Amino acid sequence: MSDENSPEILQRRALLKRAAWLLGGAISAPAALAFLQGCSSRDEPAAAASPNLRFFDAAGLAVVAEIAEIMIPKTETSGAKDAGVPAFIDLALDGLYPAEDQARYRAGLVEFETAARASGKPFLEQDEQARADFLHNALAVAVNSDRKPRPFILMTRELTLLGYFSSQVGITENMEYVAVPTAYHGCVPLSQMKKHVYWE
C-alpha cells in the first residue's frame with residue numbers, strides 16, 4: 001500500500017471528496033478503502049476485456065458491467081467498461097468487503113435479475129432502452145427508500161463512480177489537470193473551462 005502522505009494518496013483523497021459530493025456526501029468504508037488503495041487495474045481496458053475474476057462469475061460480471069455502462073455510458077468520453085470499472089468492482093468486493101456485505105451484494109444481484117426477468121426477458125436480453133428504463137426505476141426506488149444497509153443497486157452505483165473517477169481515462173477525459181497552477185483566478189466563467197472539474 002502507498003505511503004499515506006504520498007502525492008498519489010493525497011490526490012486520491014481529493015478525488016474521494018469529489019466522489020462523495022457526487023454521491024450525496026456518503027461513501028461506505030470498504031468503497032473508500034478500495035478507492036484509496038487503488039483497486040483498479042494499471043491497464044484498465046485490458047482488465048475490462050479479460051478480467052481474472054475473484055468475486056463474480058462470468059454471468060454476474062456481465063450484468064454488473066452493463067449496469068455500470070448504463071450509469072456511465074460511452075459518449076465523447078470513455079464509458080465505464082472502457083475505464084475498467086467492472087474489474088475494479090470485482091476486486092473491491094472480493095478484497096475489501098466483509099463476508100456479510102458480499103453475501104448481501106450477491107443476493108441483491110439475484111434479486112435484480114429476477115425482477116428484470118419479470119418483464120419476460122433476462123436483463124441482458126432486453127433492448128437497450130428497456131435495460132436503461134429498468135435500471136433507472138430501480139435506482140429511483142432505492143434512493144427514495146430508507147432501506148438499510150445500502151441495497152445492491154446503490155452499492156453498484158457507488159463502486160461504479162469510484163472506479164471510474166479513479167481510473168486514468170476517468171480522470172484525464174473528465175477533469176482538467178493542472179500540474180502546477182501558475183495563477184489564481186477567483187471567478188472564471190464556466191464557459192471558459194474545458195472540463196467541469198479541476199484537480200491538482
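A residue is taken as exposed when its relative accessible area is over 50%, as buried when that area is under 20%, and as partly exposed in between. These classes are applied below to a predicted model.

Confidence varies along the chain. The protein has a mean pLDDT of 77, with 64% of its residues at 70 or more. Among its elements, the highest mean pLDDT, 96, belongs to helix α4 (residues 58-71), and the lowest, 44, to helix α3 (residues 44-49). Two stretches fall below 50 in pLDDT: residues 5-12, with 15 contacts in the model beyond near neighbours in sequence, and residues 39-50, with 18 such contacts. Where pLDDT is low, the predicted coordinates should not be read in detail.

Helix α5 was examined for its length and its surroundings. The helix comprises twelve residues (residues 85-96), for which a rise of 1.5 Å a residue gives an expected span of 16 Å; the C-alpha atoms at its ends are 16 Å apart, in agreement with that value. Because nine of the twelve residues are buried, α5 is largely enclosed by the rest of the structure. The buried positions are V85, P86, A87, F88, I89, D90, A92, L93 and L96.

Two of these residues, I89 and L93, recur in the description of the nonpolar core. The largest such core holds 38 residues, and the members that touch the most others are F56, I67, I89, L93, Y105, F112 and I153. Two or more residues are given to this core by each of α4, α5, α6, α7, α8 (152-165) and α9 (168-174). The greatest share comes from α8, which provides nine residues. In soluble globular proteins, nonpolar side chains tend to be buried together. When residues up to four places away in sequence are set aside, the contacts of L93 are F55, F56, Q102, Y105 and L159.

Several residues named above also take part in aromatic pairing. The structure contains nine aromatic pairs. In one of them, the ring centres of F112 and F134 are 5.1 Å apart and the ring planes stand at 65 degrees; an angle over 60 degrees counts as edge-to-face, so the pair is assigned to that class. This pair joins distant parts of the chain, since F112 belongs to helix α6 and F134 to helix α7, 22 residues apart. F112 has a relative accessibility of 6% and therefore counts as buried. A further edge-to-face pair is formed by Y164 and F165, whose ring centres are 5.1 Å apart and whose planes lie at 90 degrees. Y164 and F165 are both buried. Through ring pairs, F55, F56, Y105, F112, F123, F134 and F152 are connected into a cluster.

Y164 also appears among the contacts of S78, a residue in the loop between α4 and α5. With neighbours within four places in sequence left aside, S78 contacts P73, Y164, V169 and E173. Its relative accessibility of 10% places S78 in the buried class.

Charged side chains were considered next. Across the whole structure, five salt bridges are found. One of these joins E66 and R131, with an N to O distance of 3.3 Å. E66 is part of helix α4 and R131 of helix α7 (residues 128-144), so this bridge ties together parts that lie 65 residues apart in sequence. Both E66 and R131 are buried. The two residues also belong, together with K81, to a network of salt bridges.

A second salt bridge is formed between K74 and D82, at 3.2 Å from N to O. K74 has a relative accessibility of 54% and so counts as exposed, whereas D82, at 28%, counts as partly exposed. A third salt bridge connects D101 and R104, with 2.9 Å between N and O. Both residues lie in helix α6 (residues 99-117), where they are three residues apart, about one turn of the helix. D101 counts as buried at 16% relative accessibility, while R104 counts as partly exposed at 23%.

Definitions and conventions. Residues numbered from 1 in each chain as written. Predicted model: local features only at pLDDT ≥ 70, side-chain atom pairs only at ≥ 80, totals over all residues. Heavy atoms only, no water. Helix = DSSP H or I, 4+ residues; strand = E, 2+ residues; numbered from the N terminus. Expected span 1.5 Å × (residues − 1). Buried < 20%, exposed > 50% of the residue type's maximum accessible area, 1.4 Å probe, protein only. pLDDT = per-residue confidence, 0-100. Contact = heavy atoms within 4.5 Å. Salt bridge = Lys/Arg side-chain N within 4 Å of Asp/Glu carboxyl O. Core = buried A, V, L, I, M, F, W, Y, C linked by side-chain atoms within 4.5 Å. Phe/Tyr/Trp six-rings, centres within 6.5 Å; stacked < 30°, edge-to-face > 60°.
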